[in-house]
Amino acid sequence: MDVVRDFKNGALRLRVLQYAASAEVHGAWVTEALTGHGYTVSPGTLYPLLHRLQEAGLLKSRGDVVDGRRVRLYKATKRGKKVLADCRAVLADLVEEVV
């Protein structure tokens, strides 16, 4: 069991949910934003993650055209925003205790 990898994967899911809670986002934008935070995420990792979050009812999506390209835009659902708020509370408690 790789505890650090598991923690980073959880943080990755939270970051993606945070981005989608703030605005509609598409995969290429999410990849760039994650790269700015030190993540190296391939499309083969990101898109299955987006689909899992959508299947869990945390994201919704719609097709659109951005810069002349068809893209899928993702936005956090009401449930996704609630889950994000709950995770933030747990994370704040953890930071207070551990850091």
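**Salt bridges and the core**

Colleague: Which residue forms a salt bridge with Asp86?

Modeller: A salt bridge here is a side-chain nitrogen of Lys or Arg within 4 Å of a carboxyl oxygen of Asp or Glu. For Asp86, the closest N and O atoms of the pair are 2.8 Å apart. The two residues sit four apart in helix α4 (residues 78-98), so about one helical turn separates Asp86 from its partner, Lys82.

Colleague: What are these values based on?

Modeller: This is a predicted model, where local features need pLDDT of at least 70, side-chain atom pairs count only at pLDDT 80 or more, and totals for chains, interfaces and linings use all residues. Residues are numbered from 1 along each chain as its sequence is written, and side-chain values use heavy atoms, leaving out hydrogens and water.

Colleague: Which residues are linked with Arg62 in a network of salt bridges?

Modeller: Arg62 meets Glu24 at 2.8 Å, N to O. That pair ties together parts 38 residues apart in sequence, because Glu24 lies in the loop between α1 and β1 (25-26) and Arg62 in strand β2 (residues 59-66). Arg62 also bridges to Asp64, at 3.4 Å between the closest N and O atoms. So the network takes in Arg62 plus Glu24 and Asp64.

Colleague: Is Lys82 buried or exposed?

Modeller: Buried means under 20% relative accessible area, exposed over 50%, and partly exposed in between (1.4 Å probe, protein chains only). Lys82 has a relative accessible area of 51%, so Lys82 is exposed.
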